[in-house]
Amino acid sequence: MNNIKVSPSIFAANFLDIRKEIENLENLGVDYIHYDIMDNHFVPNISFGPLITKQIAQSTTIPGDVHLMIDLSKKSVEPFLVIDNVEIVTVHLEANGFSREILDFVKSSGKKVGISIKPGTAPEKIKDFLDLVDLVLVMTVEPGFSGQKFLTQSIEKVGIVKEILKSYKRDIYLEVDGGINLENIKLLIDKGANLFVIGSFFFSNNNGRKILEYLSKLKYSSL
Ligand code: DX5
Ligand code: ZN
């Protein structure tokens, strides 16, 4: 319980006021900024690319957590590996071009490497890569858009992934992403998730503060 981390998805922030949004994240003391990268091919949407990621990542001390929802090649991934202050780069197991070589390529840049699975992908598929990865990202909505409804069947899936991770000696983050809010976060914590991407909920109605207060209370009560 002590190690729950929060990674707000900047894709859901107000881009007209991005500096203020970043300052707010700094004041709140979030652990990461999550960058959702979409190429209109792996997912049916376009977000932003390495240039904007770099501008934001280098304007803050908050480390970057890059979620690549793109077809994979050394060429498509490399621009994110050279951004200072990006700590984690996560790729999708289902993406065109996915391979151990791509995971190795990320890892050898010095970044942490993550592997992500979509809601329809069986948890067992990650097993072949757990010797390499630092993080597993379980999508709790279909990737592509902020503001979707949380898929409740993900709760059980997160538990299954946690069981798989337990048999590995190394610490591997278990990240969840999509539709996370104050109603479902505790259920996911109880199943073993420890890194929470939160988009539209976080950036509306002062909910970011509420989430962080809630987590610090939980932490306090479990001490
Ligand atoms: C979905 C993205 C998510 C999303 C999170 O493709 O990976 O990071 O933007 O936003 P919410 O929390 O609104 O689902
Ligand atoms: Zn994401």
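Helices (H or I, at least four residues) and strands (E, at least two) are DSSP runs, numbered from the N terminus. The expected span of a helix is 1.5 Å times one less than its number of residues.

This is a predicted model, in which local features need pLDDT of at least 70, side-chain atom pairs count only at pLDDT 80 or more, and totals for chains, interfaces and linings use all residues. Residues are numbered from 1 along each chain as its sequence is written, chains are lettered from A and ligands numbered from 1 in the order in which they are written, and side-chain values use heavy atoms, with hydrogens and water left out.

**Helix H7**

Helix H7 covers residues 207–221, which makes 15 residues. From first C-alpha to last it reaches 21 Å, close to the expected 21 Å. Its buried residues (under 20% relative accessible area, with exposed over 50% and partly exposed in between, using a 1.4 Å probe and protein chains only) are Asn 207, Gly 208, Ile 211, Leu 212, Leu 215 and Leu 218. Seen down the axis of H7, these residues fall within an arc of 140 degrees, so they line one face of the helix. The arc is that of the directions from the helix axis to the C-beta atoms. An α-helix has 3.6 residues a turn, so residues three or four places apart point the same way. Lys 217, Tyr 220 and Ser 221 are exposed on the other side of H7. The cover over the buried residues of H7 (contact means heavy atoms within 4.5 Å) includes strand S1 (5–8), helix H1 (18–28), helix H6 (185–191) and strand S8 (195–198).

**Helix H1 and strand S1**

In H1, the buried residues are Glu 21, Ile 22, Leu 25 and Leu 28. Viewed down the axis of H1, they fall within an arc of 125 degrees, so they line one face of the helix. Arg 19, Lys 20 and Asn 27 are exposed on the other side of H1. The buried residues of H1 pack against S1, S2, helix H2 (50–57) and H7. Gly 29, just after H1, takes a positive phi of about 80 degrees.

Lys 5 is found in strand S1. The C-alpha atoms of Lys 5 and Leu 212 are separated by 9.5 Å, although the two are 207 residues apart along the chain.

**Ligand 1**

Ligand 1 is surrounded by 20 residues (each with a heavy atom within 4 Å of it). The closest are Asp 36, Gly 144, Gly 147, Asp 177 and Ser 200. The table gives polar contacts, which are pairs of N or O atoms within 3.5 Å; within protein, one must be able to donate a hydrogen and the other to accept it, and residues adjacent in sequence count only if both atoms are side-chain atoms.

| Backbone atom of | Distance to an oxygen atom of ligand 1 |
|---|---|
| Gly 147 | 2.8 Å |
| Gly 179 | 2.8 Å |
| Gly 199 | 2.8 Å |

Taken alone, ligand 1 exposes 380 Å², and the protein buries 99% of that. Such areas come from the Shrake-Rupley method with a 1.4 Å probe; for residues, only the protein chains shown count as cover. Strand S2 (33–38), strand S3 (64–69) and S8 are the elements that give two or more residues to the shell around ligand 1. S2 gives the most, with three residues.

**Thr 140**

Thr 140 lies in the loop between strand S6 (135–139) and helix H5 (154–166). Thr 140 counts as buried because its relative accessibility is 0%. A polar atom of its side chain lies 2.6 Å from the backbone oxygen of Gly 178.
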